[in-house]
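This report describes selected local features of one model, taking unusual backbone geometry before strand pairing and helix packing. Please keep the sequence and the structure in view while reading.

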Amino acid sequence: MSLCGGSGHSAAPRPRPRVAQMSRRPELLCGAAIVLGCALLVTLKVTCSRAKDVTMAAEVPVNFFSSRSPVLDLFRGQLDYADYIRQDSEVALYFFYAPWCGQSIAAREEIEQVASRLADQVLFVAVNCWWNQGKCRKQKHFFYFPVIYLYHRSFGPIEYKGPMSAVYIEKFVRRVMTPLLYISSRSKLLDILSYYEPGVLGYFEFNASPQPPGYLTFFTSALHSLKKDYLGTIHFGVITDKQIAKEISLTRSGSVYLHRHVNTSLIYPSEVMNYTAENICKWALENRETFIRWLRPHGGKSLLLNNELKKGPALFLFIPFNPLAESHPLLDEITKVALEYNNCNKSQAAEPVLQHLKDANSPAFESIVPHARTQVADTYSITKYPCCNTVVLPQWHSISRTHNVCELCVNQTVGVKPSKVNVPQCNFLEIEAALDSFYLKEHTFFQFVSNTIECSNFLSFYSPFSYYTACCRTVNRGLINLISSEKTIFQTPKVAFSSHGKKGKDDTQHSIPHIEDRNCFTPDLRINGTHITGLSCRTNKTLNLYLLDSNLFWMYAERLGASRSTHGKEFAAIVDLKEEAHYILDQNQTLIKSTLENFIQNFSTLYSPLRRHLVGDSSVHFPAEHIITEVTTNTFRDVVVLSEKDVLLLYYAQWCGFCASLNHIFIQLARLLPPNNFTVARIDVTRNDLPWEFVTDRLPTILFFPYNRKDKSVKFPEDFSVTLPNLLKFILHYSSLPSAAPDSESCTKECPQKERVLQQEHISHLRSEIQKLRSEVSALHQAQDQLEAQLSEARREEQKLQQQKCTLEKQHSILQLHSEQLQALYEQKNRELEEMAEKLQELADASENLLTENALLKVLLASMEGKLENKGETKKSIQSEETLSTHNTGPVLTAIDKLHERERLDASNIDTTVTEHKENRTE
């Protein structure tokens with residue numbers, strides 16, 4: 001064994017000194033590997049990668065509301081905490097904001113004002129929904145700020161989309177707090193029926209149950225209406241008294257009633273539609289009457305007004321409005337006008353109910369109530385409400401010799417009525433049949449003087465229940481009297497109808513009636529109404545009425561022509577987009593019911609006395625010594641029409657680039673023409689309106705207004721180029737047209753003398769102009785010389801730049817070559833670094849193996865040391881035995897020899913193991 005071990009040890013190769021040192025101290029190898037790896041990573045980071053953009057973390061948000069504010073500010077976006085505390089409140093308002101948003105900052109003070117008044121009833125919570133680490137930002141995805149949500153117990157959210165004003169927000173919050181009005185008396189019922197806004201009333205009996213069936217559904221429908229109608233234009237009420245419910249025909253608990261002023265009121269069809277909150281709300285919104293609407297544009301670029309103007313002529317009324325006020329006298333007058341204007345049937349259906357509700361304290365009230373419906377039905381008698389139409393007779397008709405306007409009505413035959421009498425529905429066929437019969441029955445009319453109103457009745461050929469009534473009168477055909485006449489309403493004559501042409505005379509009638517006004521011919525039609533009653537259905541110029549709060553949207557009133565000095569901020573304007581007409585109510589008049597009615601009636605007449613309002617830009621001021629005169633709407637008449645000079649007017653706009661290119665031509669033209677006889681002017685047509693006869697459809701446009709012939713203005717030909725010679729030829733041609741030839745007798749010796757003076761003035765003016773031109777030519781020559789010198793200098797600079805360009809191109813090629821070499825070197829270094837990385841990885845693996853083997857060697861050495869200690873103890877025991885028993889020498893020697901033999905074997909095994917480990921390390 002010893003020979004094999006010795007031969008193996010002598011045959012092993014001797015390791016190199018550094019490797020042997022590393023094998024004895026493996027921690028050096030690990031440290032070297034770590035250092036090389038770090039160096040490699042740093043090198044790769046610097047040479048191969050580019051620094052990434054670093055985004056600074058968002059700052060921690062701070063309080064948006066003050067600590068003393070009644071609004072709970074969750075500036076970290078704790079939406080879950082807001083939902084938790086909302087469970088203890090009946091009504092809660094969430095104000096979602098972004099700290100950087102200007103509108104959120106502006107609305108903060110408004111929210112605090114509302115919270116200071118309602119904090120004891122409503123929970124106000126502000127949530128920062130912009131911080132990226134808050135739950136609000138993760139759960140809500142708003143496209144705008146601020147956003148206001150309201151919750152009524154578990155119902156919500158109800159988003160508020162109105163103006164960010166304290167009074168409007170508070171009004172909306174109060175509507176959410178009390179969505180239902182409880183009607184306990186006839187006076188309260190009268191109040192809600194008197195509102196111009198539609199009302200939805202529900203009848204529920206609370207005696208049998210604390211919460212009747214359907215009440216919760218009706219309550220939820222009121223909240224649903226606020227979801228879709230944030231203005232709260234529909235009032236929801238609850239009736240608990242059975243007698244009061246009978247006044248509006250509600251007899252069954254759970255029934256719902258929709259009150260309408262002009263059309264027939266409705267009861268919710270629970271047999272056809274499911275009794276759900278969504279269906280009740282949808283039914284009320286679809287069947288409500290909207291005679292007048294509130295408009296709230298969002299910003300100056302809103303298209304809301306444009307969309308409404310496309311529907312037809314619009315009357316915009318600007319009034320200061322406070323939603324929290326208990327009464328609005330001006331609004332009440334405006335709504336009365338709107339109701340009268342749209343009352344096409346002249347329906348009195350709602351008025352008897354309201355009247356007998358007012359007389360509730362009278363002793364005969366109980367006897368009146370059962371017959372209320374009968375009285376209402378009687379008001380629809382067809383004999384009192386005929387279907388009428390105004391007929392303007394043509395010139396060729398024989399009747400037109402003495403009559404030219406007739407009122408033709410379809411009536412119910414007296415004494416013969418169908419089983420069911422309904423409100424008459426005027427249609428084209430009935431009127432056409434009446435016209436046919438009227439022309440066939442013309443012989444029944446008698447010829448009288450022009451101040452007589454003739455009426456005649458004749459039966460219809462198509463219906464046994466109808467007859468026709470025709471009342472005719474002669475009116476003055478002159479339009480001058482129609483426009484200048486102040487009393488344009490034809491008063492009702494006292495005429496008795498008969499079946500065979502009975503007639504009545506009116507000796508005091510000299511004014512001209514409106515063609516659209518039928519009441520002037522039919523006296524029975526004027527029942528508790530005015531001349532504006534039903535006017536929307538008697539004219540082709542029906543108006544849509546809109547209200548705007550002047551406290552918020554006065555800038556729109558100023559754009560429509562309101563004066564900035566108006567103190568009350570009350571303004572009315574009619575805009576007809578199709579006809580491009582624009583009228584405003586005289587701002588010296590107070591906006592009351594009578595002035596508004598006259599304004600609407602004057603617009604609705606066939607020949608309207610209203611004058612089109614022209615919007616001008618009065619803010620532009622130019623100095624008097626300006627070469628070209630700037631014309632506005634207010635100065636157009638004085639500068640152009642009434643001026644005693646020839647005027648050349650340029651139509652332009654700020655966005656017109658070709659118009660701006662003509663400025664130098666007009667400046668030269670203004671310098672050439674004598675200022676005493678010629679005026680060169682321009683007008684911005686985008687900021688200044690002009691009368692229709694002076695409107696153009698293309699820019700630029702040039703008009704010439706000759707002196708004393710302003711009505712014969714001439715347009716510069718479009719096929720001619722706008723140059724100074726062409727303009728001079730155009731002006732000289734049309735300004736030198738011969739005027740009316742003077743009489744030979746009146747022309748004396750003064751005529752040639754005047755002509756000679758004029759010629760001398762022209763010659764002197766031309767000489768001065770020639771002198772100016774010569775000086776300008778010399779100045780131009782000097783400028784030309786300067787330009788030539790500058791051009792030569794520019795050419796030299798250009799040559800220098802060309803040389804610099806060639807030099808730069810050469811340098812660029814050299815740099816490009818260096819760049820390619822560096823790129824190749826860069827790739828080579830990358831490959832070398834990759835190879836070094838692989839070698840370092842191998843060294844790291846070898847170091848791990850050496851560490852493992854080193855641990856094993858330590859274990860073997862420890863075991864061998866233990867064995868050697870055991871051997872020393874064995875020797876000591878043997879020596880003691882030798883001293884004690886000398887007679888046993890032979891056996892002791894034998895034991896000692898065996899012990900020495902074992903030691904040699906163990907030594908040979910240790911040498912063999914060490915040799916193998918050395919060989920492994922060497923490998």
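Pro700 lies in the loop between β23 (678-684) and β24 (701-705), where helices (H or I, at least four residues) and strands (E, at least two) are DSSP runs numbered from the N terminus. The peptide bond that leads into Pro700 from Leu699 is cis, with omega near -10°. A cis peptide bond also joins Gly156 and Pro157, with omega at about 5°, and Pro157 is placed in strand β5.

The model is predicted, so that local features need pLDDT of at least 70 and side-chain atom pairs count only at pLDDT 80 or more, while totals for chains, interfaces and linings use all residues. Residues are numbered from 1 along each chain as its sequence is written, and side-chain values use heavy atoms, with hydrogens and water left out.

**Positive phi outside glycine**

Arg153 and Glu580 are listed below with their loops and relative accessible areas. Buried means under 20% relative accessible area, exposed over 50%, and partly exposed in between (1.4 Å probe, protein chains only).

| Residue | Loop | Phi | Relative accessible area |
|---|---|---|---|
| Arg153 | between β4 and β5 | about 55° | 54%, exposed |
| Glu580 | between β19 (571-576) and β20 (581-584) | about 55° | 51%, exposed |

**The five-stranded sheet**

Five strands form an open sheet in the order β1-β3-β2-β4-β5, and their pairing is mixed; two strands pair if DSSP finds at least two bridges between them. At its edges are β1 (72-74) and β5 (155-160), each of which pairs on one side only. Direction ignored, neighbouring strands of this sheet are turned against each other by 25° on average, with axes fitted to C-alpha atoms (for helices over the stretch in contact) and angles running from 0 to 180 degrees between N-to-C directions.

Strand β4 (residues 147-152) runs antiparallel to β5 and is joined to it by four bridges. Ile148 stands opposite Tyr160 in β5, and His152 stands opposite Phe155. The two strands form a hairpin with two residues between them, and Arg153 is in the turn. Helix α9 (residues 215-228) lies across β4 and β5, running at about 30° to β5.

**Strand β9 and its partners**

Strand β9 (residues 256-259) is covered on both faces, with Val256 and Leu258 buried on one side and Tyr257 and His259 buried on the other. Strand β7 (residues 199-203) pairs with β9 in the antiparallel sense over four bridges, and Val200 stands opposite Leu258 there. Two bridges join β9 to strand β10 (residues 266-267), also antiparallel, with Ile267 of β10 as the bridge partner of Tyr257. Six residues separate β9 from β10 in the hairpin that they form.

**Helix packing and a buried loop residue**

The axes of helix α5 (residues 102-118) and helix α7 (residues 166-177) come within 9 Å and cross at roughly 45°. This makes α5 oblique to α7, since angles under 35 degrees count as roughly parallel, over 145 as roughly antiparallel, 65 to 115 as roughly perpendicular and the rest as oblique. Glu110, Ile111, Gln113, Val114, Arg117 and Leu118 of α5 make the contact with Ala166, Ile169, Glu170, Val173 and Arg174 of α7, where contact means heavy atoms within 4.5 Å.

Asn343 is found in the loop between α13 (329-342) and α14 (350-358), and counts as buried because its relative accessibility is 7%. Leaving aside residues up to four places away in sequence, Asn343 touches Val262, Thr533 and Gly534.
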